[in-house]
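Visitor: Hello! Could you walk me through this structure, one question at a time?
Guide: Gladly; let us bring it up on the screen.

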Amino acid sequence: SRIATEDTVSTILREFQTYVRDGDDRFVRDAIRAVGRIASALPDVADRCLRGLMGLINTSSEVVVAAAIIVIRQLLQQHPQHVNIIVRLAKKLDETTVPQARAAIVWIIGEF
């Protein structure tokens, strides 16, 4: 059985919001990846997950920003209709310093 369902997803996503402020970088990355897995498993909440992830790209933590960008790229492959997200990510390229996140943005720009 799944823990994340359409009935429980709001509570789970609120919990993950607190996790991304944790001091353990690996834990933070895993929490952000879990949001991506929820969005993939529950397409009806994918838009809400994408909005939440986009909110994370404005934080001061490079770990959070990088993990969010990488998960957003994965979700855009499944939900390519989000042109506004692509434009916002393109604007973040110059200030993004984590190589994997920069590569994800470049891939998104090239793909879409």
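What follows is a short conversation about helix packing, the nonpolar core and a few individual residues of this predicted model.

Visitor: How are helices α2 and α3 oriented to each other, roughly parallel or roughly antiparallel?
Guide: Helix α2 covers residues 25-41 and helix α3 covers residues 46-56, and their axes come within 8 Å. These axes cross at roughly 160 degrees. Angles over 145 degrees count as roughly antiparallel, so the answer for α2 and α3 is roughly antiparallel.

Visitor: Which class of residue makes up the contact of α2 with α3: nonpolar, polar or charged?
Guide: From α2 come I32, V35, I38 and A39, while α3 brings A46, C49, L53 and L56. Sorted by class, there are no polar and no charged residues in this contact, and the eight residues are nonpolar.

Visitor: What is the handedness of the crossing of α4 and α5?
Guide: Two packed helices are described by the angle between their axes and the distance between the axes. For α4 and α5 the angle is about 150 degrees and the axes are 12 Å apart, and the two helices are therefore roughly antiparallel. As for the hand of the crossing, it is left-handed.

Visitor: Which residues of α5 make the contact with α4?
Guide: The contact divides into six nonpolar, no polar and no charged residues. On the α4 side they are I69, I72 and L76. Across from them, the α5 residues are I85, I86 and L89.

Visitor: Which helix gives the most to the largest nonpolar core?
Guide: In soluble globular proteins, nonpolar side chains tend to be buried together. Here the largest nonpolar core has 41 residues, and those with the most contacts inside it include F16, I32 and L53. Helices α1, α2, α3, α4, α5 and α6 each supply at least two residues of this core. The one that gives the most, with 11 residues, is α4.

Visitor: Which residues does I72 touch, leaving out those up to four places away in sequence?
Guide: I72 is among the residues with the most contacts inside the largest core, and it also takes part in the contact of α4 with α5. Not counting residues up to four places away in sequence, I72 touches L50, L53, M54, I57, I85 and L89.

Visitor: Is T96 buried or exposed?
Guide: T96 sits in the loop between α5 and α6. Outside its neighbours within four places in sequence, T96 is in contact with I69, A101, R102 and I105. Its relative accessible area is 5%, and under 20% means buried, so T96 is buried.

Visitor: Then what about H82, buried or exposed?
Guide: H82 lies in the loop between α4 and α5. Leaving aside neighbours within four places in sequence, H82 contacts D47, L50 and L76. Because its relative accessibility is 12%, H82 counts as buried.

Visitor: What separation is there between the C-alpha atoms of E62 and T97?
Guide: E62 is found in helix α4 and, at 47% relative accessibility, counts as partly exposed. Setting aside neighbours within four places in sequence, E62 is in contact with T97 and V98. E62 and T97 are 35 residues apart along the chain, and the separation of their C-alpha atoms is 7.5 Å.

How values were computed:
Residues are numbered from 1 along each chain as its sequence is written. This is a predicted model: local features need pLDDT of at least 70, side-chain atom pairs count only at pLDDT 80 or more; totals for chains, interfaces and linings use all residues. Side-chain values use heavy atoms; hydrogens and water are left out. Axes are lines fitted to C-alpha atoms, for helices over the stretch in contact, and angles run from 0 to 180 degrees between N-to-C directions. Helices (H or I, at least four residues) and strands (E, at least two) are DSSP runs, numbered from the N terminus. Angles under 35 degrees count as roughly parallel, over 145 as roughly antiparallel, 65 to 115 as roughly perpendicular and the rest as oblique. Contact means heavy atoms within 4.5 Å. Ala, Val, Leu, Ile, Met, Phe, Trp, Tyr, Cys and Pro count as nonpolar, Asp, Glu, Lys and Arg as charged, and the others, Gly among them, as polar. Buried means under 20% relative accessible area, exposed over 50%, partly exposed in between (1.4 Å probe, protein chains only). A nonpolar core is a set of buried Ala, Val, Leu, Ile, Met, Phe, Trp, Tyr and Cys residues joined through side-chain atoms within 4.5 Å. A crossing is left-handed if the near helix is turned anticlockwise from the far one by less than a right angle, and right-handed if clockwise.
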